[in-house]
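Please walk through this structure with me, one region at a time. Keep the sequence and the 3D view side by side.

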Amino acid sequence: MIKIAIIELCNVVLAVNIVGLPDKTVAESRERIRAALNSINLLLPPKRITVNLSPADLLKEGSHYDLAIAIGLLVVMNVIPVEKVQSYIIMGELALDSRVIPVSGVLPTAINAKKDNKGVICPRGNGVEAVWVKNVSILAIEKLTDIIRHFKGEQLIQPVIFNYSDAPKEKRLVPDMKDIKGQVVAKRAAEIAAAGGHNMLLVGPPGTGKSMLAKRFIGLLPDLTEQEIIDVNIISSITKTGNEIFKVTRPFREPHHSCSMPAMIGGGKNAKPGEITMAHNGVLFLDELPEFPRLVLDSLRQPLEDRKVTVARANAHITYPANFQLIAAMNPCRCGYLGDASRSCNKAPKCGTDYKNKISGPLLDRIDICIEMPNVSILSPEISVEGESTKIIRERVIAARKVQTERYSELNIRCNSEVSGEAFNKFTEPDQAGLELLKYVLKENYISNRGYTRVLKVARTIADLAKSEEVKRAHIAEALNHRIKVY
């Protein structure tokens, strides 16, 4: 909340004070506002002006307060009637010539305004983003004079027209899966992971196509739903200055292994969202997994379970969504050629064990599918065999996802990887032969109790791809085959 007081004192020079714990950007807004008003031939009164940003104990940051403060000054100067602006949330940055510059966070602001039955005054550059929220009064302005003329009835602000079909959309060209020669097992695992929303780890020597497969994986996933599109664009809105392009594709984030913990999970001085939040409803690809700092990798354990992350700082305690699909890749050892007698180093197999131990057991336990990708010689006959295209595999994935959507329609669950509780017991119960197989691997300590549930979820997805109502022993066996090897 912004309140402005003008105190009339004798022999007091013009002074504008902003109180309420503003940061440097907010404190400098007084000079931007002064110059903007001068550019439209409006002078601040020669009095002491105090702008109070409430609540006073919360740090205020960003340039989006400029427009609200300027309009507040116009109200107390009797240029704009107060009743005209009381029903609006106002945000925008002012240039020195009174132009209104786009800012971040307009989309979530418009959503909040709809809940409070208010309108939004924002920069013209944010207008398309704001009108994504239907049934909200949006006044998108290019200059400060636009809002003055509008409320005086001299020239009404033209509404922003938004047509979803005509809106500029994000375009992404995803390479085709048929570019990957051989690796039939790995491509089958990718299909299962896409169909059920499962996390996947690819292990193999350099040059086997791990990164190629991961970067083509996003093309197998179904289109975003309407709510998922809104969620993706909200996150994009608060992490950058405006959404000029409508994002309709799933995010694909691939941070470098030098990524810090605040950059990965969110944080920093003002608890900003991290990579896992920007990958919400999409894919987080971690190449060279063991090269990431141990603390950064272990920080993923809770978000992988809860599908959200809470960033706690001294001045902020914020929960961000983090429903992402983890795809990771790694070499079997530091030199990369463990198991290859002609190329592996003289430290084998200890080097492989030490390298794998950089990844904690609890994190590995949360990865549903672990696949070994062997080195395929370019002279091998299977190189000449053209594999299935992304389009063909995606059709099977979408069909399996449709089955899951119908199955969990009343449970707010999108795919098999999210199922839990009574729904898990009801929909993933295997046949007797499959149950006996699971009891055996549990008895031999091949998998943990968490691994047991994850194997069943993967088996449920394999059954869906096979159009089977029942989870059978063959589905359990394939799910186990995709998991046990990495241990």
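Start at threonine 277. Leaving aside neighbours within four places in sequence, threonine 277 is in contact with Ile235, Val309, Tyr320 and Pro321, where contact means heavy atoms within 4.5 Å. This is a predicted model, in which local features need pLDDT of at least 70 and side-chain atom pairs count only at pLDDT 80 or more, while totals for chains, interfaces and linings use all residues. Residues are numbered from 1 along each chain as its sequence is written, and side-chain values use heavy atoms, with hydrogens and water left out.

Threonine 277 sits in helix α12 (residues 275-278). Helices (H or I, at least four residues) and strands (E, at least two) are DSSP runs, numbered from the N terminus. Is threonine 277 buried or exposed? Its relative accessibility is 1%, so threonine 277 counts as buried. The scale runs as follows: buried is under 20% relative accessible area, exposed is over 50%, and partly exposed is in between (1.4 Å probe, protein chains only). A polar atom of the threonine 277 side chain lies 3.2 Å from the backbone oxygen of proline 321.

Now turn to the sheets. Strands of a sheet pair through backbone hydrogen bonds, either parallel or antiparallel. Here two strands pair if DSSP finds at least two bridges between them. One open sheet has 3 strands in the order β4-β7-β8, with parallel pairing. Its edge strands are β4 (88-90) and β8, and each pairs on one side only. Neighbouring strands of this sheet are turned by 20° against each other on average, direction ignored.

Look at the β7 and β8 pair in detail. Strand β7 (residues 119-123) pairs with β8 in the parallel sense over 4 bridges. Isoleucine 121 has leucine 139 in β8 as its bridge partner. Cysteine 122 stands opposite alanine 140 in β8. In a regular strand the side chains alternate between the two faces of the sheet. In strand β8 (residues 138-141), Ile138 and Ala140 point one way and Leu139 and Ile141 the other way. All four of these residues are buried.

Which helices cover this sheet? Helix α5 (residues 106-115) lies across β4 and β7, running at about 165° to β7. Axes are lines fitted to C-alpha atoms, for helices over the stretch in contact, and angles run from 0 to 180 degrees between N-to-C directions.

A second open sheet has 5 strands in the order β10-β11-β14-β9-β15, and the pairing is parallel. β10 (252-253) and β15 (369-372) stand at the edges, each with a single partner strand, so one side of each is left without a neighbour in the sheet. Helix α8 (residues 184-196) packs on this sheet, touching β9 (200-203), β14 and β15. The direction of α8 makes about 165° with that of β15. Within the sheet, strand β11 (residues 283-286) and strand β14 (residues 325-330) pair in the parallel sense over 4 bridges. Leucine 284 has leucine 326 in β14 as its bridge partner.Next come the aromatic rings. A pair of aromatic rings is described by the distance of the centres and the angle of the planes. Rings of Phe, Tyr and Trp (its six-membered ring) pair if their centres lie within 6.5 Å; planes under 30 degrees apart count as stacked, over 60 as edge-to-face and the rest as tilted. By this rule there are 4 aromatic pairs. One of them joins tyrosine 408 and phenylalanine 427, edge-to-face, at 5.5 Å centre to centre and 80° between the planes. Tyrosine 408 lies in the loop between α17 (390-407) and α18 (421-427), and phenylalanine 427 lies in helix α18, so the pair ties together parts that are 19 residues apart in sequence. Both tyrosine 408 and phenylalanine 427 are buried. The rings of tyrosine 440 and tyrosine 446 have their centres 6.5 Å apart and their planes at 55°, so this pair is tilted. Tyrosine 440 is partly exposed, at 44% relative accessibility. Tyrosine 446 is also partly exposed, at 39%.

Finish at helix α19 (residues 432-443), which holds glutamate 436. Glutamate 436 has 41% relative accessibility, so it counts as partly exposed. Its side chain makes a polar contact with the side chain of glutamine 432 (2.9 Å). A polar contact is a pair of N or O atoms within 3.5 Å; within protein, one must be able to donate a hydrogen and the other to accept it, and residues adjacent in sequence count only if both atoms are side-chain atoms.

α19 packs against helix α21 (residues 473-481) at an angle of about 30°, with their axes 7 Å apart. That makes α19 roughly parallel to α21. Angles under 35 degrees count as roughly parallel, over 145 as roughly antiparallel, 65 to 115 as roughly perpendicular and the rest as oblique. At this interface, Ala433, Gly434, Leu437, Leu438 and Val441 in α19 meet Arg473, Ile476, Ala477 and Leu480 in α21.
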